[in-house]
Amino acid sequence: QVQLVESGGGLVQLGGSLRLSCVVSSNIFGIFDMGWYRQTPGKQRELVARVTAHGDRNYAESVEGRFTISRDFDKITVYLQMEALTPEDTAIYYCNAEPTSLASNARPLWGLGTQVTVSS
C-alpha cells in the first residue's frame, strides 16, 4: 500500500508563506493525479490544487496566483507553496492521490493532514 506523509504546517502571519510537503512511499506520479485539499471543522474537504499524472495543474479560484503545486520525481514528493496567506486559508491540509485509468484496481489515498493557521 502506498503511504502519504505530510509536513510543513504551522502558524504564520497574514501575508506570510509556507511550503507543505507530501512524501510518497513509491513512485506513482505517472499513474496518479496528486492534489492538496483543505478542511475546517464541520465542513467538507475542499480541493485546493491538483497536478495530473500528465503534468497539468489547476487551482481553486480562491488560491490561484498565490499557491503553486509541484512534484519532485527524484524525492517522490509533492509540494504546495503558499504565498500571501490570509486567515481564510486556515485549515487542515491533506495530501491526496487519485488513480487514473492506468492504475489498475487502485483506490484514492490520503495523508493524515497538517495544520495551517494564519493569524490576522
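The paragraphs below walk through this predicted model, starting from one strand and moving on to a disulfide, aromatic rings and a nonpolar core. Residues carry numbers that start from 1 along each chain as its sequence is written, and side-chain values rest on heavy atoms, with hydrogens and water left out. Because the model is predicted, local features need pLDDT of at least 70 and side-chain atom pairs count only at pLDDT 80 or more, while totals for chains, interfaces and linings use all residues.

A good place to begin is strand β3, which covers residues 18-24; strands here are DSSP runs of E with at least two residues, and they are numbered from the N terminus. Five of the seven residues in β3 are buried, where buried means under 20% relative accessible area, exposed means over 50%, and partly exposed lies in between, with a 1.4 Å probe and protein chains only. Strand β3 has antiparallel partners, and two strands are said to pair if DSSP finds at least two bridges between them. One partner is strand β1 (residues 4-7), joined to β3 over four bridges, and another is strand β8 (residues 77-82), joined to β3 over six bridges. Residue C22 takes part in both pairings, since E6 has C22 as its bridge partner in β3, and C22 in turn has V78 as its bridge partner in β8.

In a regular strand the side chains alternate between the two faces of the sheet. With that in mind, it is useful to look at S21, which is also in strand β3. Residue S21 counts as buried because its relative accessibility is 13%. Leaving aside residues up to four places away in sequence, S21 touches V5, E6, S7, W36, T77, V78 and Y79, where contact means heavy atoms within 4.5 Å.

What does C22 form with C95? The two residues form a disulfide, with their sulfur atoms 2.1 Å apart, and a disulfide is defined as a pair of cysteine sulfur atoms within 2.5 Å. The link is left-handed, with -85° about the S-S bond. It connects distant parts of the chain, for C22 is in strand β3 and C95 in strand β9 (residues 91-99), 73 residues apart. Residue C22 is buried because its relative accessibility is 0%, and C95 is buried as well, with a relative accessible area of 0%.

The aromatic rings come next. A pair of aromatic rings is described by the distance of the centres and the angle of the planes. Rings of Phe, Tyr and Trp (its six-membered ring) pair if their centres lie within 6.5 Å, and planes under 30 degrees apart count as stacked, over 60 as edge-to-face and the rest as tilted. The whole structure holds two such pairs. One of them joins F29 and F73 in an edge-to-face arrangement, at 5.4 Å centre to centre and with 90° between the planes. Residue F29 lies in the loop between β3 and β4 (32-39) and F73 in the loop between β7 (67-72) and β8, so this pair ties together parts that are 44 residues apart in sequence. Residue F29 is buried at 0% relative accessibility, whereas F73 is partly exposed at 47%. The other pair, Y37 and W110, is edge-to-face too, at 5.0 Å centre to centre and with 65° between the planes; Y37 is in strand β4 and W110 in strand β10 (residues 109-110), 73 residues apart. Here Y37 is buried, with a relative accessible area of 13%, while W110 is partly exposed, with 35%.

The ring of W110 also has the charged end of R45 over it, 4.7 Å from the ring centre, and R45 lies over the face of Y94 as well, at 3.5 Å from that ring centre. A charge sits over a ring if NZ of Lys or CZ of Arg is within 6 Å of the ring centre and within 35 degrees of the ring normal.

Finally, the largest nonpolar core has 32 residues, a nonpolar core being a set of buried Ala, Val, Leu, Ile, Met, Phe, Trp, Tyr and Cys residues joined through side-chain atoms within 4.5 Å. The members that touch the most others are L4, V24, M34, W36, L80, M82 and Y93. Elements giving two or more residues to this core are β3, β4, β5 (46-51), β7, β8, β9 and β11 (114-119). Apart from residues up to four places away in sequence, L80 touches L18, R19, L20, W36, V48, A49, F67, T68, I69 and Y93.
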